[in-house]
Amino acid sequence: MNWIALKALHEIYESGATKKRESLMKDSHFLFLLQQTGELKEGVNTIVKGDGFDNYYQHSHLNKYLEYYKFLDKNGLLKPQLRIQEYDINILLGLEKGMINGDLIPIRDEIIQAEETVRGVSQMFFKNEKYLEKSESLISAVKGILGIAELANDKDQQYKYVLQSHQPNKIVLCENLDFLKRPSKPRKHHLELWYAGGKNIDKLNYVGEIKLPIFYSCDWDYDGLMIYQLVKRKIPDIRLLYPNGPRKSIVKTEHESHWKFKKESHLLSNLDPSFYSELEKTLIIELITSNDWIMEETNDLIEMINFTDKLEQIHNN
């Protein structure tokens, strides 16, 4: 839901009605309340509350709205033309929390040192590398929360980001930034985490000799596994981590990475079968058949590493 719709729901809660707008009449939440539950009623020029609306709103939206309003007001974002999505607000809230508890400060410092780009930061925290480019106000909010004066405008960044730990015994190169934003667990297990920027992996040409076992963690979807193949060509010793997170529907999650040749799953979506074990190929076929994917951050990182080590021990014996 976007901020305009959230404001309209709150206006209905407080005053009993809101002006009917085309955007509201196309909003799935409004249509559900109007057409399915009857908790909203359509007037000539207004949308008014129906039976049960107050209870529904108090249970589902009131606390969120008050939190969002306070946050947007504090960060100078409450403007009449604001067209921000609830997804965006929650990302910004997460950034603020990470800065307050200190988890994001090392990443913020590396962003500044690396003269990071808008696209690089967008890929770190949002849906894709181009997401931030749609909104100057969103870029401004990210810079303000992270305490960054400027972001560059070129399309690639040339630094990898590293979460260091004392006496690391393994390296994990992550497709996404999520594990690096939660440092306590990898540090407890003496892991060094790298983030190179999703598809922007040319910087891996300059990593030099890698003296520790290195693993790759990624989304198990078409894009994530294609990136793994590119990484594997640059770092032949890297091992793919087998996921343990829940499978999610690509359609229901509106995911943008789609499998190819879904009716011929044995083709592995045009992935190179030489990069995968029989166990991994079986999982890929299952994901293609069910049109599912596995999000990297839903996995247990330590369990993935332990499972991969056990498989290698079995193979070596």
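This dialogue takes up aromatic pairs, burial and backbone angles in a predicted model.

Tutor: Because the model is predicted, local features need pLDDT of at least 70 and side-chain atom pairs count only at pLDDT 80 or more, while totals for chains, interfaces and linings use all residues. Residues are numbered from 1 along each chain as its sequence is written, and side-chain values use heavy atoms, with hydrogens and water left out.

Student: Why is the aromatic pair of F53 and Y56 called tilted?

Tutor: Rings of Phe, Tyr and Trp (its six-membered ring) pair if their centres lie within 6.5 Å, and planes under 30 degrees apart count as stacked, over 60 as edge-to-face and the rest as tilted. The centres of F53 and Y56 are 6.2 Å apart and their planes make 50°, so the pair is tilted.

Student: What makes Y65 buried but Y69 partly exposed?

Tutor: Buried means under 20% relative accessible area, exposed over 50%, and partly exposed in between (1.4 Å probe, protein chains only). Y65 has 8% and is therefore buried, whereas Y69, at 40%, counts as partly exposed.

Student: How do you know that L268 is buried, and what is notable about its phi?

Tutor: The relative accessible area of L268 is 3%, so L268 is buried; L268 also has a positive phi of about 60° although it is not a glycine. Most residues other than glycine have a negative phi.

Student: Why is H190 called partly exposed?

Tutor: H190 has a relative accessible area of 31%, which lies between the two cut-offs, so H190 is partly exposed.
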